[in-house]
Amino acid sequence: MVIIKGISLILWLLAIPSCIGLIPVRWMPKEKRTVGAVFTGGYFIMLSLCWLVTVPCILLVKYYSFRTMSAWFTAVSLLAAAAGIGLTVWNFRQDSRFFPRPELNLFGMPAEVKIGWILFFLLIFWQLYKAFTMASFDGDDAEYVAQSLVTQQSETMYLIKPYTGGTTSLDIRHSLAVMPIWVAFIGRKTGIHTTVLAHSVLPFLLLPLTYTVYYGIGSHLLKKKKEYLPAFMVIIALLQLFGNVSIYTNETFFLTRTWQGKAVAANFVIPATIWLLLWIFDGGNGRESAPMPAGKQKPGMPGGSFRPLGQGRWKDTGKQPQAGLWALLCTVNMTAGVCTSMGVFLNAILVAAAAFWLMVAERKFSILVKAGLVCIPNVIYMALYLFLHV
Amino acid sequence: MYGIFMESVVIFKNYTGGRYLAAMFFLALLYLLFTEKDRRRRAMFVYMPISLLLAFFFPVTRKVFVRLMGEGDTYYRILWLVPMGIVIAYGGVKFACFVCEEIGAWAKRLILAVLCVAVMLCGKYVYASQYMSKAENPYHIPQKVIDICDVIAPEDGEERIWAVFPTDLVYFVRQYDTDIQMLYGREMVEPKWQYAEPVHTVMNHPSRIDIEELLALTRERSCTYLVLPNNKGVSADPEKFGLELLDTIEGYPIYYDPVAARMMEERYG
């Protein structure tokens, strides 16, 4: 039984999201096709799909809506995973070096850098150990965690009060933030009690996911000084451990309410938005590249566009495929809504503020337009929220 | 407007907890302001955080927020958008990098070590929080709640039951078993929400629970199980009113009320 639960967990928390994350890779710059990007991207797409399946079920299915949602989301997830695998096979057939070589090589790095990484992984291990062995009291769990359990046990969504068990009309305020439903879905697929799942299992997913995002930010910011990356990560990990200066900080939420939607929004979605904005706008600088495998890179191939300089040298025109990154940013905005209704509002502010200053920096009004376009899911979400409230 | 601004100042102070991590952030921000040459990174890690902070303190933002969200309690979440951690880490590493080039590798190591120690000293260790405790089980809820729930929970296929729990246990019951319904839940026991619920009012009496009054209310609402607090007296022996003591777990007496069950049977068949 334990083995089956373990395999189901690996399938639904690792394998399927990873396969789904392969979908947009073809439309991302080659150097950004990393394991971390695939894995985190997979979560953003999967959670967005979860929203698209769950909300209609909540609003339109009267009886046993969770059963319907569960069946549809299983089918959609499997189809998306199959699409990811199919696309990757196709990409490999066109270019055997479709993915870049992994950069993190623990054996070939200087001792100082190695020590930094070991320290960082010890800090992560400590946080995971504590997440399993320490319990944090938070009143909101009486709603979030109980909501998942109610869904799992009653097969309805947002029709039963999590606090008491009394029936209610549809809980509009929370029903668009479907994170507890996703937890209930994973609980159903794995056969694990949702409270155990939330408190003892999900931290092992959400903590590494968050650090993957910070790794992405750090490795981008320090791409010319990679030896400083472990120091960056150690400081980030220490800030999480010692960021409990009040009950309000995102760091406090990260380690004491890891499984709650608002904690995921604050620590996964918001940093991921910054990560993607960095990737999109702080990307190709038209640098001269190393000699290109001339002749191997067919026009229109995934991996970027290069202009020949002669003598076997190529210039990176900076016009690498970016559509995948924009699509991911769009799904990050949707994931914000999966986590919490306020997340939609907050992420829109973040994208707007960043886009404004990037527009000033680049003197390109189009940045603001593009940022506006990726916020369309936020606008739809807010409109639906207001419509259901009236 | 000035009053709203001062409210935001208080929220910011509460958020930063009066610790020096905020000072570290401002130092890092200042350092990046003067040293970051890449205009896109300045946009992301200098101008954007500054503008978000200014927006946070700007009274109109708070007014709009309260209007949209219907509450001001969560206004602090605007501060989540300010990438304080990234700015501290990036500013710190950039400074260490500069020191390394100007002085040497030993100075870089020293700076990074000082930075790590400063984070530890200026912050507050999360696992020392009063809200953290050793997990008693994989559910991460008190074991006594699980033991009590196991006594009263209906078997598979049986009807859900109604129960009353002491204030300190209500948070956890339905995280373990949603077949147990409660006459009042977390929404009634949170002092900040100030809701009034008659059964909770009786159960929450500071020293003594009036059993007669309690049963009048619980029987009316078909509540068949009562878990009484372990630190309060009762006005009379509950068994005199027909209650059956099922068990006592960590001082919490668990009663079954056959009278309520009978009344329910008569009412609903």
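What percentage of the 269 residues in chain B is buried? The sections below answer this question and then turn to single helix pairs.

## Chain B as a whole

This report describes a predicted model. In chain B, 51% of the 269 residues are buried. The secondary structure of chain B consists of 12 helices and 8 strands.

The C-alpha trace of chain B extends over about 85 × 45 × 40 Å along its principal axes. The radius of gyration of chain B is 28 Å, whereas a compact globule of 269 residues would have a value near 18 Å. Among the contacts in chain B with a separation of 6 or more, 56% are between residues 24 or more positions apart.

## Helices H5 and H6 of chain B

Two packed helices are described by the angle between their axes and the distance between the axes. In chain B, helix H5 (residues 84–102) packs against helix H6 (residues 105–122) at an angle of about 160°, and their axes are 7 Å apart. Because angles over 145 degrees count as roughly antiparallel, H5(B) is roughly antiparallel to H6(B). The crossing of H5(B) and H6(B) is right-handed.

On the side of H5(B), the contact is made by B:Gly92, B:Val93, B:Phe95, B:Ala96, B:Val99 and B:Cys100. H6(B) contributes B:Ala105, B:Ala107, B:Lys108, B:Ile111, B:Leu112 and B:Leu115. By character, the residues of this contact comprise 10 nonpolar, 1 polar and 1 charged.

## Helices H5 and H8 of chain A

A second helix pair is found in chain A, where the axes of helix H5 (residues 141–154) and helix H8 (residues 194–201) come within 8 Å and cross at roughly 135°. This angle makes H5(A) oblique to H8(A).

The contact involves A:Asp141, A:Val145, A:Ser148, A:Leu149 and A:Gln152 of H5(A). From H8(A), the residues in the contact are A:Thr194, A:Thr195, A:Ala198 and A:His199. The residues of the contact of H5(A) with H8(A) divide into 3 nonpolar, 5 polar and 1 charged.

## A residue in helix H1 of chain A

A:Ala15 lies in helix H1 (residues 2–20) of chain A. Is A:Ala15 buried or exposed, or does it fall in between? A:Ala15 counts as partly exposed because its relative accessibility is 31%, and partly exposed residues are those between the limits of 20% and 50%.

A:Ala15 can also be placed relative to A:Gly42. These two residues are 27 residues apart in sequence, and their C-alpha atoms are 9.7 Å apart in space.

Notes:
Residues are numbered from 1 along each chain as its sequence is written. Chains are lettered from A and ligands numbered from 1 in the order in which they are written. This is a predicted model: local features need pLDDT of at least 70, side-chain atom pairs count only at pLDDT 80 or more; totals for chains, interfaces and linings use all residues. Side-chain values use heavy atoms; hydrogens and water are left out. Axes are lines fitted to C-alpha atoms, for helices over the stretch in contact, and angles run from 0 to 180 degrees between N-to-C directions. Helices (H or I, at least four residues) and strands (E, at least two) are DSSP runs, numbered from the N terminus. Angles under 35 degrees count as roughly parallel, over 145 as roughly antiparallel, 65 to 115 as roughly perpendicular and the rest as oblique. A crossing is left-handed if the near helix is turned anticlockwise from the far one by less than a right angle, and right-handed if clockwise. Contact means heavy atoms within 4.5 Å. Ala, Val, Leu, Ile, Met, Phe, Trp, Tyr, Cys and Pro count as nonpolar, Asp, Glu, Lys and Arg as charged, and the others, Gly among them, as polar. The radius of gyration is taken over C-alpha atoms; the globule rule is 2.2 Å times the number of residues to the power 0.38. Buried means under 20% relative accessible area, exposed over 50%, partly exposed in between (1.4 Å probe, protein chains only).
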